[in-house]
Amino acid sequence: MSKIRKLLVLLLVLFVLFISGCNNGYTITLMIDQENVYKTVSVKEGESLNVEAPNKDGHTFDGWYLNDEKITNSTTFTEDTTLYAKFIINKYSYKFLVDGEVYKEETAEYGSEISFPSNPIKKGDQENEYVFDKWDNSATTLLKKPLYSFTVFFLAIKIPPVRNSYLLQ
């Protein structure tokens, strides 16, 4: 009876060793914005992660993170893990031009409201007065373009000729 018992214990130990050696890998869950699953991948023990970068409008992908630690190509996994994408918001420049000259230049983050300057003034000449009409670009929010440019439009109002009239008494 003790031989059968020893044999059963040996078979049990071999079975446990076999099962533990059959690890198919670990599940790596990749999250965007803390709540959206981007992708789930499997990696084998000791294997590094190789996944293309996700896209997010108006942002640059900075990498995958576990807590505050950035995952590198040499990072290996020994358990199921959830990683989070980190993005850096893009900044864009925009200019306001008056007669080809920069009137105002700003830099702001993607999605920011565009801050329009006070209306420019253009001096008149002998024939015209100039009144601000509008900027030529109707954008009000910074989106994907790396550079916004706004050119001013003025309305030219003809100055009527002066007529002298005299009242004779």
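**A walk through the predicted model**

The side chain of Lys104 comes within 3.2 Å of the backbone oxygen of Ser115. This contact belongs to a predicted model. Lys104 is part of strand β7, which covers residues 101-109. Its relative accessibility is 19%, and Lys104 counts as buried because the limit for that class is under 20%.

The overall layout comes next. The protein contains 1 helix and 9 strands. Along the sequence these elements follow the pattern α-β-β-β-β-β-β-β-β-β. The protein has 169 residues, and buried residues make up 25% of them.

The aromatic side chains offer a way into the fold. There are 5 aromatic pairs in the model. One of them joins Tyr38 and Trp64, with ring centres 5.9 Å apart and an angle of 35° between the planes, and this pair is tilted. The two residues are 26 positions apart and come from distant parts of the chain: Tyr38 belongs to strand β2 (residues 36-43) and Trp64 to strand β3 (residues 59-66). Their exposure can be read from their accessible areas. Tyr38 is partly exposed, with a relative accessible area of 28%, while Trp64 is buried at 7%. Trp64 falls in the buried class because its value is under 20%. Tyr38 and Trp64 also belong to a wider group, as ring pairs link Tyr38, Phe61, Trp64 and Phe87 into a cluster.

Another ring takes part in a contact with a charge. The charged end of Lys122 sits over the ring of Tyr130, at 4.5 Å from the ring centre.

Two members of the aromatic cluster, Phe61 and Trp64, appear again in the lining of the largest pocket. This pocket holds about 180 Å³ of space. Ser48, Leu49, Asn50, Val51, Glu52 and Ala53 are among its lining residues. The lining also includes Gly63, Ile71, Thr72 and Asn73. By type, the lining residues divide into 6 nonpolar, 5 polar and 1 charged.

Strand β5 (residues 81-89) can be followed through two of its residues, Thr81 and Ile88. Thr81 counts as buried, at 10% relative accessibility. The C-alpha atom of Thr81 is 7.6 Å from that of Tyr26, although the two residues are 55 apart along the chain. Ile88, by contrast, counts as partly exposed, at 44% relative accessibility. Its C-alpha atom is separated by 6.5 Å from that of Asp62, a residue 26 positions away along the chain.

Strand β6 contains Phe96. With 0% relative accessibility, Phe96 counts as buried. Two residues elsewhere in the chain can be placed relative to Phe96. Pro117 is 21 residues from Phe96 in sequence and 8.1 Å from it in space, C-alpha to C-alpha. Asp136 is 40 residues from Phe96 along the chain, and their C-alpha atoms are separated by 9.8 Å. Asp136 itself is found in the loop between β8 (128-135) and β9 (147-158). At 41% relative accessibility, Asp136 counts as partly exposed.

Two loop residues remain, and both concern the backbone. Most residues other than glycine have a negative phi. Asn67 is not a glycine, yet it has a positive phi of about 60°. Asn67 lies in the loop between β3 and β4 (69-70). Its relative accessible area is 68%, so Asn67 is exposed, the cut-off being over 50%.

Asp99 has a positive phi as well, of about 50°, and is likewise not a glycine. Its place is the loop between β6 (91-98) and β7. Asp99 is exposed because its relative accessible area, 54%, is over 50%. Strand β7, on one side of this loop, is also the strand that holds Lys104, whose side chain reaches the backbone oxygen of Ser115.

Note on methods: Residues numbered from 1 in each chain as written. Predicted model: local features only at pLDDT ≥ 70, side-chain atom pairs only at ≥ 80, totals over all residues. Heavy atoms only, no water. Phe/Tyr/Trp six-rings, centres within 6.5 Å; stacked < 30°, edge-to-face > 60°. Helix = DSSP H or I, 4+ residues; strand = E, 2+ residues; numbered from the N terminus. Buried < 20%, exposed > 50% of the residue type's maximum accessible area, 1.4 Å probe, protein only. Lys NZ or Arg CZ within 6 Å of the ring centre and 35° of its normal. 1 Å grid on protein atoms, 1.4 Å probe; cavity = no way out; pocket = protein on both sides within 12 Å on 5 of 7 lines; lining within 4 Å. Points joined across faces, edges and corners; volume = space filled by probe spheres on them. Nonpolar A, V, L, I, M, F, W, Y, C, P; charged D, E, K, R; others polar. Polar contact = N/O pair within 3.5 Å; in protein donor to acceptor, adjacent residues only side chain to side chain.
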